Amino acid sequence: MELPMLKIAVVGHTNTGKTSLVRTLTHDRSFGEVRDRGGTTRQITSVMLEVNGQALIELNDTPGLENAPELIEWLDELPGERHDGPERIERLLRDGQARRRFDQECRVLELMGQVDVGLYVIDAREPVLEKYLDELAVLGRCARPLVMVLNFTAAADSREDQWREALARLGLHSVLAFDAVVRDPATELRLFEKLKGLLDAFAPTLNAWMSEREREDHRRQGAALAAIADLLIDVAACRRHYALKNDRERQARLEDIRREVRRREQVCVDVLLDLYRFGREDYRDEDLPLTDGRWPDDLFDPQTLAHFGIHAGKFAGAGAGAGLVFDISTAGLSLGTGTLVGTLAGAGAGLAGTAGKRLAEQVRGTGRLGVDDPALRLLAWRQLCLLAELVRRGHASMDPIRTTVEETWKRKRLPAPLRKARHHPEWSTLNRESAADPGREAAIRALVRSLGHEEET
Ligand SMILES: Nc1nc2c(ncn2[C@@H]2O[C@H](COP(=O)(O)OP(=O)(O)OP(=O)(O)O)[C@@H](O)[C@H]2O)c(=O)[nH]1
Ligand SMILES: [Mg+2]
């Protein structure tokens with residue numbers, strides 16, 4: 001069914017965050033130009049919100065209004081038809097001289113005549129000045145519904161209450177508190193709900209758009225879990241070999257692993273931030289457990305494990321250091337440094353079948369290093385905490401997730417796909433450039449399912 005396309009104009013005084021609002025609604029951080037000064041946007045710019053190739057909503061970003069006080073006087077001086085606002089606007093637009101004088105305003109008013117609704121963006125930190133009321137009076141003559149968007153409401157000096165009262169006095173009751181730089185799917189949804197209440201004919205269009213947003217949220221969460229699963233498989237399967245008895249080589253490989261795994265974790269953090277539209281420059285650290293877009297505590301510091309309440313492995317610090325254990329490929333058997341040389345081959349040979357034989361051959365003469373269970377638990381848990389934090393910004397009540405995640409990752413056995421990955425060094429991109437493998441893909445899918453299951457409980 002063809003849904004009617006809803007046309008929206010985003011209007012308001014200059015430098016109130018109109019372009020930022022369009023960016024937020026389109027989820028496109030590259031839309032237009034945003035700067036902390038007036039007159040940044042000079043042209044009307046349209047962008048389409050589409051579902052399956054069908055354009056549902058047209059958003060029009062506009063240059064800021066700057067000269068409303070003079071314009072309202074000009075309009076009031078026109079003779080005749082005092083109460084016919086649109087007629088007066090028409091006369092303004094037909095008057096060449098006035099058009100030149102009120103160029104910016106005229107372009108906005110012309111657009112208003114072509115849209116279904118206007119979003120009037122207010123910098124709520126500003127006092128309720130006469131010039132803003134003049135803008136509302138001019139826009140009020142366009143005979144289009146207006147929704148008031150109170151922007152900068154998260155600022156300490158926001159005057160939201162004063163604005164609400166002033167707007168109510170003007171008979172403008174469709175008001176929404178917003179903060180265009182904090183991406184918050186819940187307020188975004190409230191805005192579309194508000195439009196739905198105001199524009200009956202577009203209810204099906206707005207419903208379709210809101211469902212699309214919901215699907216997008218699901219897809220995003222799925223992609224985030226896949227990114228975490230990918231990281232965990234890479235790290236679980238990570239291996240470094242060194243010649244037994246060559247202590248210098250062993251130390252060097254240990255450092256390799258630590259460096260690689262830290263880098264790999266950062267890749268995952270960046271993917272998560274990106275998925276939730278937080279570039280390093282536009283999220284605020286106090287909202288997230290990160291510092292400058294990174295986890296502040298080192299993954300391989302025993303203090304970090306303690307901080308997250310995860311028990312360090314029995315042999316942590318015995319030589320390999322926290323987070324790194326020898327020969328993790330022998331079916332979860334952790335071997336301390338003391339027993340390493342003597343038992344490696346034996347442990348490998350003790351495994352059943354050909355896999356055991358292969359391991360035994362591989363371990364003879366070489367030691368292997370990998371990342372131990374506690375570090376893997378920490379790695380999993382902190383990415384899931386970050387994800388929960390990112391998701392929670394949009395859905396106020398996600399707190400219970402934390403405890404189930406915590407329970408699993410602190411105490412229970414590691415999920416089967418990760419235990420399996422221990423035996424598949426070929427699955428780790430930390431071991432080889434391309435780790436594409438059907439087994440790896442299946443393990444990631446299974447891991448996503450088990451991670452997703454926790455998210456839902
Ligand atoms: N803290 C905060 N800053 C915002 C918000 N909205 C916009 N800004 C900032 O305010 C400044 C102006 O934002 P723009 O989106 O360019 O404003 P505009 O209304 O399009 O400006 P013109 O095109 O010049 O009329 C930029 O520095 C934005 O980063 C908000 O809700 N909160
Ligand atoms: Mg702008």
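The following questions and answers go through a predicted model of one protein and its ligand 1.

Biologist: How many helices and strands does the protein have?

Modeller: The chain is a mixture of both elements. Of its 457 residues, 36% count as buried. Among contacts with a separation of 6 or more, 71% are between residues 24 or more positions apart. The count of elements is 17 helices and 9 strands.

Biologist: What is the order of the strands in the open sheet of 6 strands?

Modeller: The pairing in this sheet is mixed. Strand 2 and strand 6 (175-177) each pair on one side only, which makes them the edge strands. Neighbouring strands are turned against each other by 25 degrees on average, direction ignored. The order is 2-3-1-4-5-6.

Biologist: In which sense do strand 1 and strand 3 pair, parallel or antiparallel?

Modeller: Strand 1 covers residues 6-12 and is joined to strand 3 over 5 bridges. One residue pair to look at is Lys-7 with its bridge partner in strand 3, Glu-58. The sense of the pairing between strand 1 and strand 3 is parallel.

Biologist: Which helix packs on the sheet, touching strand 1, strand 2 and strand 3?

Modeller: The direction of this helix makes about 95 degrees with that of strand 3. The helix covers residues 203-236. It is helix 9.

Biologist: How many bridges join strand 2 to strand 3?

Modeller: These two strands run antiparallel and form a hairpin with 2 residues between them. Leu-49 has Ile-57 in strand 3 as its bridge partner. The number of bridges joining strand 2 to strand 3 is 7.

Biologist: What is the phi of Asn-52, in the turn of the hairpin?

Modeller: Most residues other than glycine have a negative phi. Asn-52 has a positive one, and its place is in the loop between strand 2 (45-51) and strand 3 (54-61). Asn-52 counts as exposed because 7 other C-beta atoms lie within 10 Å. Its phi is about 45 degrees.

Biologist: Is Ala-143 buried or exposed?

Modeller: Ala-143 is found in the loop between helix 6 (130-140) and strand 5 (146-151). Its phi is also positive, about 55 degrees, although it is not a glycine. A residue is exposed if 12 or fewer other C-beta atoms lie within 10 Å. Ala-143 has 12 such neighbours, so it counts as exposed.

Biologist: Which residues touch the most other members of the largest nonpolar core?

Modeller: This core has 47 residues. A second, separate core of 42 residues includes Ala-236, Phe-300, Ala-380 and Ile-444. In the largest core, the residues touching the most other members are Val-10, Tyr-120 and Val-149.

Biologist: Which residues does Val-10 touch, not counting those up to four places away in sequence?

Modeller: Not every contact of Val-10 is with a nonpolar residue: Lys-18 and Asp-61 are among them. The full list is Lys-18, Leu-21, Val-22, Leu-59, Asn-60, Asp-61, Thr-62, Leu-119 and Val-121.

Biologist: Which residues are the closest to ligand 1?

Modeller: The shell around ligand 1 divides into 5 nonpolar, 12 polar and 4 charged residues. Its largest share, 3 residues, comes from helix 1 (residues 18-26). Of the 21 residues that surround the ligand, the closest are Gly-17, Thr-19, Thr-40, Thr-41 and Gly-64.

Conventions:
Residues numbered from 1 in each chain as written. Chains lettered and ligands numbered in written order. Predicted model: local features only at pLDDT ≥ 70, side-chain atom pairs only at ≥ 80, totals over all residues. Helix = DSSP H or I, 4+ residues; strand = E, 2+ residues; numbered from the N terminus. Buried ≥ 20, exposed ≤ 12 C-beta atoms within 10 Å, placed from the backbone. Core = buried A, V, L, I, M, F, W, Y, C linked by C-beta atoms within 7 Å. Contact = placed C-beta atoms within 7 Å. Near = placed C-beta within 6 Å. Nonpolar A, V, L, I, M, F, W, Y, C, P; charged D, E, K, R; others polar. Pairing = 2+ DSSP bridges. Axes fitted to C-alpha atoms, helices over the stretch in contact; angles between N-to-C directions.
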